[in-house]
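Reader: I should like to learn how the features of a protein model are read. May we go through them one at a time?

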Amino acid sequence: MKKNLLTLGLMIAGMTVFAQSPRLSLFEEFTGENCPPCASTNPGLNITLASPTNTTKVVAIKWQVPIPSAPTNTWSLWKTNQSEIQWRYGASPAGYGYMSAWTSTTAPTSGINSAPQARIDGEHLWAIPGGGAANDHAFYGSNALFAAASSYTSPFSISMNRAWNPTFTAVTVTVNIQATANYTSTGALVYRLVMIERHINFATAPGTNGEKDFEDVAVKSYPTTQSGTVTTSMGTAMASAWTVGQTQSFTINCVLPSYIRDKSEVAFVGFIQDDGNKKVQQASLANIAGLLNDAKAISANIGAVVCSTTLIPTVTVKNIGSNAITAFTVSPALDAVAGPNVVWTGNLAAGASTTIPMNMLTTTAGSHTYSYNISGVSGGEFNVSNNKLSQGFICSPTYFAGPVVEPFTAVTFPPANWTLVNANAGPTWSRNGAVGAYGSNTGAAKYDFYNNSANGDADDLYLPPSDLTAINAPVLSFDVAYAPYTAAPNMEVDKLEVKVSTDCGANWATVFSQAGAALATSPNVTSAFVPNATQWKTVNVALTSYSNAPQVLVKFVATSDYGNNMYVDNINLAQANPTSIKNNVSSNVSFDLYPNPTNGETTLNISSVLSGNANVVVINTLGQVVFSKQVQLAVGVNTIQLDAKEFASGLYNVMVESNNGSMVKKLTVTK
């Protein structure tokens, strides 16, 4: 009997909702420019939101809140729209009324109190059945959540159209609403209209979390009411009771605020919200619309590393307006010093791009910034904000004589003559001064997979350009520690590669590549991984094919799968010693050093699973061998005394090399 009644109930429910409208859900994120978890969450979230799977299901608004703190920069996304953001996330006395309740068992408090936090259709993420959200963290903005939220039909349909004014300084938005089912609100029913910028890129991060790319940023709401400088309400009132077929139409004139970055990125999100229960019944998007005349700076085509002090850059310009462009002027600058203009003429159709060679530049070794600005666009330019672009690069005309010895003990990072490339300005390579290989804790390079949710993001750490003319058997060695976040079989495949180029980066050969379980030196860890003394391994890579090469570039490439942290220490590019170093990452020999630090003798306890000869070699920070001794190893533990009384104070690499494997550890000598 229950089954029959349930079936009848489902049939009635199906008949009731059949006439209702498909739902476009509203995803609101409360994110901050000073918020490190926001910077790590947003790249992956933006990819999910932009997926064709989801663009018909959900539209987003990002409110830039002052959590954990407000940006102190003179200009920031928070400060440009501060009053409205305060009202929406509930910080002002007249705040909207969203309640914080991180999970279903959390005691609610007034206002949004953490970031990145989100609401979908005005509700907690965890309140959507089948959405898969454990809490309100914006990380749970997933395919499953968006599919679950949009599966509920809406009693309203919305059509929203937009039109630029003749001077492209304002947009008229026309809204038509129709009820497709009877509806009575629990409180005031309001239509809210928010101007967003679909994409904003900054050359310099406006906050402290390093985030330079922002999507779907709330710019201005229409209409609003204020008491002094405090926003007290947003939106257009609607009737509280609706019957099928009832309509409402209105037009809103939206004057662009002065702080708009790029008019071509302006779009509008409209939504119907019941202020009694905060639920959003329907949303709508009036997407970006082109201008008549709009030239956009796309790229300055200079590599991350250039190997000559003279170069000829090219720049790419795109016509994103609707009129053809027949002329414009490109004004370049190197380190803010203007160069000669280049005038382009031709016929650049709407949507087309052109790449233009610029004048030859003469520069110097070191870091530089190349920029250009577009002016003099035929027919006038209605959107100058996207006419400028800058590109940083490193000029490395000098190849430094090997060896390279880098223990990461100095505070400066990257070290002198090293280069870091982080294209998306997200979590990347840094130095951790409290970690070191095998417990030395004197510093190591760290890659932040733990906070990098942009799967596939790859960042490069370049060694100094190296001249190996005097090195006829080069070997690259380094220590590495890594833990995945998730255990097998779903373990992440964060990857570390080492690549070598002899033609200034035009072509790269991969000489080392490990990912996931092969890279790991620890079981999975669900907190941020910090290795102990036993969670390291030493990698030796024979670079025989680069013997005596005069121009060699070497880079470490970390590619994120959002796992856990990786640490790299004691990077050495040097001549192989007479005992061959195998190209492997496992060793049948290991050792301990004590005391360490030392001011005199220190003891090596060398453990070997096979008997045979071994070399004990000590190398200083200049790459010079200051001690070398051949020893006979027996199976088991072998004790060797190392006299360091004659060593100068400083840091040394102690290497035990044998046909069965090798290992390197740091030794600190203090006098």
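Reader: Which side chain meets that of arginine 23 in a salt bridge?

Author: Please keep in mind throughout that this model is predicted. A salt bridge is recognised when a side-chain nitrogen of Lys or Arg is within 4 Å of a carboxyl oxygen of Asp or Glu. Here the partner of arginine 23 is aspartate 121, with 3.8 Å from N to O. Arginine 23 sits in the loop between α1 (2-18) and β1, and aspartate 121 in the loop between β5 (117-120) and β6 (123-124), so the two belong to distant parts of the chain, 98 residues apart. Both arginine 23 and aspartate 121 are buried.

Reader: How many salt bridges are there by this rule?

Author: The count comes to 14. Among them is the pair of arginine 88 and glutamate 28, whose closest N and O atoms are 2.9 Å apart. This pair joins helix α4 (residues 82-89), which holds arginine 88, to strand β1, which holds glutamate 28, across 60 residues of the chain. Arginine 88 counts as buried at 1% relative accessibility, and glutamate 28 counts as buried at 0%.

Another is the salt bridge of aspartate 275 and arginine 192, at 3.0 Å from N to O. Aspartate 275 lies in the loop between β17 (266-274) and β18 (280-286), while arginine 192 lies in strand β10 (residues 189-201), 83 residues apart. Salt bridges may also form a network, as they do among Lys495, Glu497 and Lys499.

Reader: How many disulfides does a search of the whole structure find?

Author: A disulfide is a covalent bond between the sulfur atoms of two cysteines. The search finds 2. In one of them, cysteine 35 and cysteine 38 have their sulfur atoms 2.2 Å apart, and both residues are buried. In the other, the sulfur atoms of cysteine 307 and cysteine 504 are 1.9 Å apart. Both links are right-handed, with 80° about the S-S bond for cysteine 35 and cysteine 38 and 100° for cysteine 307 and cysteine 504.

Reader: Which parts does the pair of cysteine 307 and cysteine 504 tie together?

Author: Cysteine 307 is in the loop between β20 (305-306) and β21 (310-311), and cysteine 504 is in the loop between β38 and β39 (509-515); the pair therefore ties together parts 197 residues apart in sequence. Cysteine 307 is partly exposed, at 22% relative accessible area, and cysteine 504 is likewise partly exposed, at 26%.

Reader: Why does cysteine 395 not form a bond with the closest cysteine sulfur?

Author: The cut-off for a disulfide is sulfur atoms within 2.5 Å. The closest cysteine sulfur to that of cysteine 395 belongs to cysteine 307 and is 8.1 Å away, which is too far for a bond. Cysteine 395 is buried, with a relative accessible area of 2%.

Reader: I should next like to read a helix. Where in α2 does a kink lie?

Author: An α-helix has 3.6 residues a turn, so residues three or four places apart point the same way. Helix α2 (residues 36-50) has 15 residues and reaches 22 Å from its first C-alpha to its last, close to the expected 21 Å. The kink, of about 35°, lies at asparagine 42, shortly before proline 43.

Reader: What do the buried residues of α2 pack against?

Author: They pack against β1 (25-31), β2 (58-64), α5 (143-150) and β11 (213-222). The buried residues of α2 include Cys38, Ala39, Leu45 and Leu49.

Reader: Which residues touch the most other members in the largest nonpolar core?

Author: A nonpolar core is made of buried residues of certain kinds that are joined through their side chains. The largest here has 33 residues, and those touching the most other members are Trp429, Leu476, Phe478, Leu496, Phe556 and Met566. Several strands each supply at least two residues of this core, including β37 (474-482), β38 (495-501) and β42 (566-575). Beyond its neighbours up to four places away in sequence, phenylalanine 556 touches residues including Trp429, Leu476, Phe478, Leu496 and Val568. A second, separate core has 30 residues, among them Phe156, Ala179, Leu189 and Ala286.

Reader: Is tryptophan 344 buried or exposed?

Author: Tryptophan 344 is buried, since its relative accessible area is 14%, and the cut-off for buried is under 20%. Tryptophan 344 belongs to strand β25 (residues 342-348). Its contacts, leaving aside residues up to four places away in sequence, are Ile325, Thr326, Ala327, Phe328, Thr354 and Ile356.

Definitions and conventions: Residues are numbered from 1 along each chain as its sequence is written. This is a predicted model: local features need pLDDT of at least 70, side-chain atom pairs count only at pLDDT 80 or more; totals for chains, interfaces and linings use all residues. Side-chain values use heavy atoms; hydrogens and water are left out. A nonpolar core is a set of buried Ala, Val, Leu, Ile, Met, Phe, Trp, Tyr and Cys residues joined through side-chain atoms within 4.5 Å. Buried means under 20% relative accessible area, exposed over 50%, partly exposed in between (1.4 Å probe, protein chains only). Helices (H or I, at least four residues) and strands (E, at least two) are DSSP runs, numbered from the N terminus. Contact means heavy atoms within 4.5 Å. The expected span of a helix is 1.5 Å times one less than its number of residues. The bend at a residue is the angle between axes fitted to the seven residues ending there and the seven starting there.
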